[in-house]
Amino acid sequence: MKYIIIAAIGALASILANKGIAVFNDGFRPIVPQYFDGQISRKELATMSFAISFGLVIGFGIPTSIAATIILIHCLLLTTDIIGTWCPDNNKGTIMAGVIGALYGLLILVGLDFVVTAFSYLPYNFLDALGSVSKYVTVAFAIFPALAVAYQHGFKKGAITAGIVVAVYFLIKKFGVITLGEGVSIALNGEGMAMLAGTIAMLAFAASVKGEAGTANTDLVDVFSEKVAKIRKNWFLLAIMGGLLACGTSMAMIAGDPISLALVSNGAISEAAMAAAARAIGFIPLVFTTAIVTGVYGPAGCTFVFVMGLLFFNNPLVAMIAGAAVMIIELLLINVFAKGMDKFPGVKDMGEHIRTSMNKVLEVALLVGAVASAEAMSAAVGLSGIGALFVIGCLLLNRVSKKPIVELAVGPVACILYGILINLLVVIQLVTLAA
C-alpha cells in the first residue's frame with residue numbers, strides 16, 4: 001500500500017508541475033506563468049526549478065526525513081517540481097513526468113539516504129551550506145505586499161505597510177508560542193501571519209481607490225476569477241492529490257513540516273495535528289495570493305491535507321476522503337475570495353504590482369541566500385569573502401553575457417558551481433578544510 005501511494009503522489013505531482021497546474025515551491029509559483037506567457041523558455045523554467053529547489057531537497061528535505069524515518073514532503077514535492085518542468089511540454093513529456101515521478105517516489109521510500117551518502121564522499125560536503133540559498137525566500141515573501149503597495153500607491157503607504165508587516169512578525173516571533181503541556185508547544189508561523197497582515201493592508205489600500213461611476217464593475221469583472229478558473233477546472237486532479245497526501249500522512253509515511261514530523265515520530269499525534277493546523281493557517285495568504293495572481297496552485301494547497309491525515313491517523317481511507325474534501329473546499333473559498341477582490345476598484349492594477357513585487361523579492365532573497373551560502377562554503381576552507389565575490393561576479397557577468405540565464409537562477413547556480421570548485425581545490429590541495 002505504501003509503495004502504491006508514494007508512487008501515485010510522485011506521478012501526479014510531477015504531472016501537475018509539467019502542465020503548470022500546481023507546483024510546491026512557493027518561490028517558484030510566480031515564475032511558472034512567465035513560461036506560459038512566453039516571457040521565458042522551457043529551458044529557463046526548468047533551470048529555475050532546479051536552482052530554487054535542489055538545495056532544499058538535498059540540504060533540508062532528505063536529511064530531515066532520514067532523522068525521523070518519515071518522508072518530509074519537501075524532498076518529494078520539490079523534486080516533482082523539477083521533474084515536471086524538465087520534461088517536455090507535450091503529451092509524451094506528461095507521460096514521462098508521471099513515470100519518472102513515480103519512480104522517484106519509490107526511490108525516496110526505499111533509498112532515502114542515497115544522495116546524502118553520495119555527497120558525504122566528497123572531500124567537502126557542501127549540502128548544508130547549499131540549503132541556505134533558499135532560506136530567506138519564505139521570510140522575504142512577507143514583505144511583498146508592502147512593495148506592491150509602494151508600486152501602486154507610493155512610498156509612504158508602502159512604508160506604512162512594511163511597518164505593519166515587521167511589527168506583526170516581531171510580535172508573533174516574540175509571543176506566538178502556545179504551550180500545550182508536557183513539554184510540547186506550538187509556534188505560530190511568523191512569516192505567514194506577517195504576510196496576512198500585509199495582504200490585508202494591501203487590499204485595504206486597493207479598495208480605497210475610487211473608480212469612475214458605472215465603469216468600475218465592468219472593468220474589473222473576472223480579473224482574478226479567470227486565474228482561479230484555470231485552477232478550478234483541474235479540481236478533480238487536485239482533489240486526488242489532496243487525498244493521496246492525506247492518506248500518506250495517515251500512514252505515517254510523509255509529513256508536511258519538520259515539527260509535525262518530529263511529533264509523529266514520537267507518537268504525539270494530537271499535538272502534531274495542532275502544529276500542522278497552525279502552520280496551515282499561516283500559509284493561507286501566501287498560497288491564496290500567489291494562486292489568484294498566477295493561476296497556479298500548490299499540490300498540497302494550504303497544507304490542511306496534512307491536518308486531515310493526522311486527524312484520521314491510521315485510517316488511510318477516511319483520511320483520503322477528508323483530504324480530497326478539504327482540497328475542494330479550499331478551491332471554493334479561493335474562488336469566493338477572488339470574486340470579492342474583483343468588486344473593488346484598484347484591485348485590477350494591484351495584480352500586476354503583486355507579480356512585479358514577487359519577482360523583485362525573489363531576486364533579492366535568492367541573491368542574499370546565495371551570498372550567505374557561498375560564504376559558508378568559503379568559511380569551511382578559510383577563504384572568507386571569496387564566496388560573495390564569486391556569486392556577485394557571476395551575477396554581473398551574466399548580465400553582459402550574449403546568452404544570459406534567468407537572473408533569478410544565477411545565485412543558486414553559482415553556489416552549486418562554487419561548491420564543485422571548492423571540492424576541486426581541495427583535491428589538488430590548493431586549499432585545506434578548516435578544523
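**Briefing: surface, fold and core**

The accessible surface of the protein comes to about 18600 Å², with 68% of that belonging to carbon and sulfur atoms (areas come from the Shrake-Rupley method with a 1.4 Å probe, and for residues only the protein chains shown count as cover). Keep in mind that this is a predicted model: local features need pLDDT of at least 70, side-chain atom pairs count only at pLDDT 80 or more, and totals for chains, interfaces and linings use all residues. Residues are numbered from 1 along each chain as its sequence is written, and side-chain values use heavy atoms, leaving out hydrogens and water.

**Fold**
- You get 21 helices and four strands here (DSSP runs numbered from the N terminus: H or I of at least four residues for helices, E of at least two for strands).
- Take the contacts (heavy atoms within 4.5 Å) between residues at least 6 apart in sequence, and 77% join residues at least 24 apart.

**Core**
- Of the 435 residues, 54% are buried (under 20% relative accessible area; exposed is over 50%, partly exposed in between, 1.4 Å probe, protein chains only).
- The largest nonpolar core (buried Ala, Val, Leu, Ile, Met, Phe, Trp, Tyr and Cys residues joined through side-chain atoms within 4.5 Å) has 122 residues, and Ile9, Leu238, Leu245, Ile254, Tyr297 and Met377 touch the most other members.
- Helix H16 (residues 269–294) gives this core its largest share, twelve residues.
- Leaving aside residues up to four places away in sequence, Ile9 touches Leu76, Leu77, Met241, Leu244, Leu245 and Ile254.

**Cysteines**
- Cys75 is buried at 0% relative accessible area, and Cys302 is buried too, at 1%.
- The disulfide count is zero (a disulfide being a pair of cysteine sulfur atoms within 2.5 Å).
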